[in-house]
Amino acid sequence: MLVSARKRLLLLFTSSVALLLLVPSDGSSNSRENLNQSNNKTGHPLEMAPKVLFQLKLHALLHWSSFGFLMPVGITLARMSSKSKSGRCIRVLFYCHVISQVAAVLLATGGAALSLMNFENSFSNNHQRVGLALYGFMWLQPLIGFFRPERGVKLRSLWYFLHWLLGISVCAIGIANVYIGLHTYHERTTRNVKLWTVLLTFEISLLVFFYLLIDRWSYMMKQGHAPIEQLRPTDHHRTYPTTLRKELGMVQE
């Protein structure tokens, strides 16, 4: 049953990616021309057409939602499942992790398709070059996740390390590229992006704080309770009232 579920999820994922990449985009050449004309020969930014601005904002929104929100949330859910002791809770968190990561990949794929079909892609800036490499590793990650070995198999430890390392790396580089994209948007349009930069930083800081808090939550909760060893003293470390200790001392003398 688990294998068939993986096959269905993989088929759904590949079909969604194919649909996103095959969707036609009218007027893409005009968008490329308008984007190319956004900088004149002297390098001073010019006003972009409203359609191009909308496409840039949509591209940024898709990648922010993917790399800046859904991927960190998915990583946090996986962390929560590793700390949970309830089998039902672990299954729920696992499927939420899968759904959030698949949705993140689909949104990022939509942003990539929008960029490839409508923008000028000379890969002359860091945002485009990092994004191209990021897409390849991003599409590799769900494939590794779907074909995970069963527990007890020797390759399971290596698979887990690669899956964890690739997931953290894609998420971190994706967030960094969102920052680079905001800076590139500011350079091309001269529009102020400080508010969006602050909001992104605040959101990522909250997610990182919550991720770190999960690791110490159970330990923090235990601090308000005395250890069992202190509640049940052994015969060698019994405590007696003050008067009884005095009487015992007199008897021993």
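**Figure 1. Helix α3 passes helix α6 in a left-handed crossing.** In this predicted model, α3 covers residues 50-83 and α6 covers residues 155-189. Their axes come within 9 Å and cross at roughly 155°. Because angles over 145 degrees count as roughly antiparallel, α3 is described as roughly antiparallel to α6.

**Figure 2. A closer look at the residues where α3 meets α6.** On the α3 side, the contact is made by Leu53, Leu56, Lys57, His63, Trp64, Phe67, Gly68, Met71, Pro72 and Ile75. Facing them from α6 are Gly167, Ile168, Val170, Cys171, Gly174, Ile175, Val178, Tyr185 and Thr189. What is the make-up of this contact by class? There are 13 nonpolar residues, five polar ones and one charged one. One of the α6 residues to pick out here is Cys171, which counts as buried at 7% relative accessibility.

**Figure 3. Gln141 sits in helix α5 and touches His163, Leu166 and Gly167.** Helix α5 spans residues 126-146. Is Gln141 buried or exposed? With a relative accessibility of 13%, Gln141 counts as buried, because the cut-off for buried is under 20%. The three residues named in the title are its contacts once residues up to four places away in sequence are set aside. Gly167 may look familiar from the previous view: this glycine also belongs to the α6 side of the contact with α3.

**Figure 4. Cys96 is in no disulfide.** How far away is the nearest cysteine sulfur? That sulfur belongs to Cys89 and lies 9.3 Å from the one in Cys96. A disulfide is a covalent bond between the sulfur atoms of two cysteines. The pairing rule asks for sulfur atoms within 2.5 Å, and by this rule the count comes to zero disulfides. Cys96 is partly exposed, its relative accessible area being 35%, whereas Cys171 is buried, at 7%.

**Figure 5. Stepping back, the protein chain has nine helices and zero strands.** Read from the N terminus on, its elements run α-α-α-α-α-α-α-α-α. The chain holds 253 residues, and 34% of them count as buried; among these are Gln141 and Cys171. How are contacts spread along the sequence? Taking contacts between residues at least 6 apart, 73% join residues at least 24 apart.

How values were computed
Residues numbered from 1 in each chain as written. Predicted model: local features only at pLDDT ≥ 70, side-chain atom pairs only at ≥ 80, totals over all residues. Heavy atoms only, no water. Buried < 20%, exposed > 50% of the residue type's maximum accessible area, 1.4 Å probe, protein only. Axes fitted to C-alpha atoms, helices over the stretch in contact; angles between N-to-C directions. Helix = DSSP H or I, 4+ residues; strand = E, 2+ residues; numbered from the N terminus. Parallel < 35°, antiparallel > 145°, perpendicular 65-115°, else oblique. Left-handed = near helix turned anticlockwise from the far one by under 90°. Contact = heavy atoms within 4.5 Å. Nonpolar A, V, L, I, M, F, W, Y, C, P; charged D, E, K, R; others polar.
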